[in-house]
Amino acid sequence: MTDTPFLPDFFLRPTLAVARGVLGALLVRDVPAGRLVGRIVETEAYLFNDPACHAVRMTLAGPEHCHTARNAAMFGPPGHAYVYFTYGNHFMLNIVTQPAGTPEAVLIRALEPLEGVGEMLHARPVDPRNLTNGPGKLTQALSIGTALNGHDLSLPPLRLVQGTPVPEDAIVAAPRIGITRATEWLYRFYERGNGWVSRPRS
DNA sequence: TCTTAGATGCGCT
DNA sequence: GCGCATCTAAGAA
């Protein structure tokens, strides 16, 4: 069960459907210290015509003005990783969706740790309850940085594999966190009642 | 338990 | 310079 990858077509579905569909999927990360596995419990969708997306300028000025070194991976093939650095400290992990040329992605916001918790705590020495309940936290716990930007998520050392999908009636849609534009769009999805979901700042 | 401010560095204007 | 798909420590209650 931890070895079934997603078929490429999965990432060609509408990005909002992918954001729901990867809830329950597993992220498998191989590091020298061992194998780390986390279950995805919270995501956000970012669309090409989305004011909060790094590639929104495509709609305004055309692709040639919005395709930059930073967001290049979002224009690449679906099912690959888009990793970027922000706030001077943190890496964000996204799954690229849509055909190459259409910059959309799904941000992984929280994981439920399943395997390798001891190794994760070594990479991120904090109270275990704060190990992977946020987008910057989980990348630190899994040692994910820009070296994995553009990486094919069907291959080691970072793979996305199928788990038990979260049923639709257990998925909550909510406003995205930490953005200043399009804050009313319900593009954040999480598993209802899961204790690893990040908490919005008030 | 909750709220606030500061850190930190890259990409853009 | 300013903003940022964030996190943490410190302080109040």
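User: Quick one to start: is Thr180 buried or exposed?
Analyst: Exposed, going by this predicted model. Thr180 has a relative accessible area of 71%, and the cut-off for exposed is over 50%, so that residue qualifies.

User: And where does Thr180 sit in the fold?
Analyst: In the loop between β7 (171-174) and β8 (188-191).

User: How far is Thr180 from Glu191, in sequence and in space?
Analyst: They're 11 residues apart along the chain, and their C-alpha atoms are 24 Å apart.

User: OK, switching to the DNA. How many residues surround DNA strand C?
Analyst: There are 22 of them. The closest are Asn94, Arg124, Gly136, Lys137 and Gly178.

User: What is Asn94 doing there, in terms of atoms?
Analyst: A polar atom of the Asn94 side chain is 2.5 Å from a base nitrogen of DNA strand C.

User: What about Arg124 and Lys137, which part of the strand do they meet?
Analyst: Phosphate oxygens. For Arg124, a side-chain N or O atom is 2.6 Å from one. For Lys137, a backbone N or O atom lies 2.9 Å from a phosphate oxygen.

User: Across the strand, what share of the atoms within 4 Å of the protein is sugar or phosphate?
Analyst: 55% of those DNA strand C atoms, with the rest belonging to bases.

User: Which secondary structure elements supply at least two residues each to that surface?
Analyst: Three strands and a helix: β3 (81-86), β4 (90-97), β5 (104-115) and α4 (135-141).

User: And how does the surface near DNA strand C split by class?
Analyst: 10 nonpolar, eight polar and four charged residues.

User: Now backbone geometry. What's the peptide bond from Pro156 to Pro157 like?
Analyst: That bond is cis, with omega near 5°. Pro157 itself is in the loop between α4 and β6 (158-161).

User: What is phi for Tyr87 and for Gln98?
Analyst: Tyr87 has phi near 55°, and Gln98 has phi near 70°. Both values are positive, in residues other than glycine.

User: Where are those two?
Analyst: Tyr87 is in the loop between β3 and β4, while Gln98 is in the loop between β4 and β5.

User: Are Tyr87 and Gln98 buried or exposed?
Analyst: One of each. Tyr87 is exposed, at 67% relative accessible area. Gln98 comes out at 14%, and buried means under 20%, so Gln98 counts as buried.

Note on methods:
Residues numbered from 1 in each chain as written. Chains lettered and ligands numbered in written order. Predicted model: local features only at pLDDT ≥ 70, side-chain atom pairs only at ≥ 80, totals over all residues. Heavy atoms only, no water. Helix = DSSP H or I, 4+ residues; strand = E, 2+ residues; numbered from the N terminus. Buried < 20%, exposed > 50% of the residue type's maximum accessible area, 1.4 Å probe, protein only. Near = heavy atom within 4 Å. Polar contact = N/O pair within 3.5 Å; in protein donor to acceptor, adjacent residues only side chain to side chain. Nonpolar A, V, L, I, M, F, W, Y, C, P; charged D, E, K, R; others polar.
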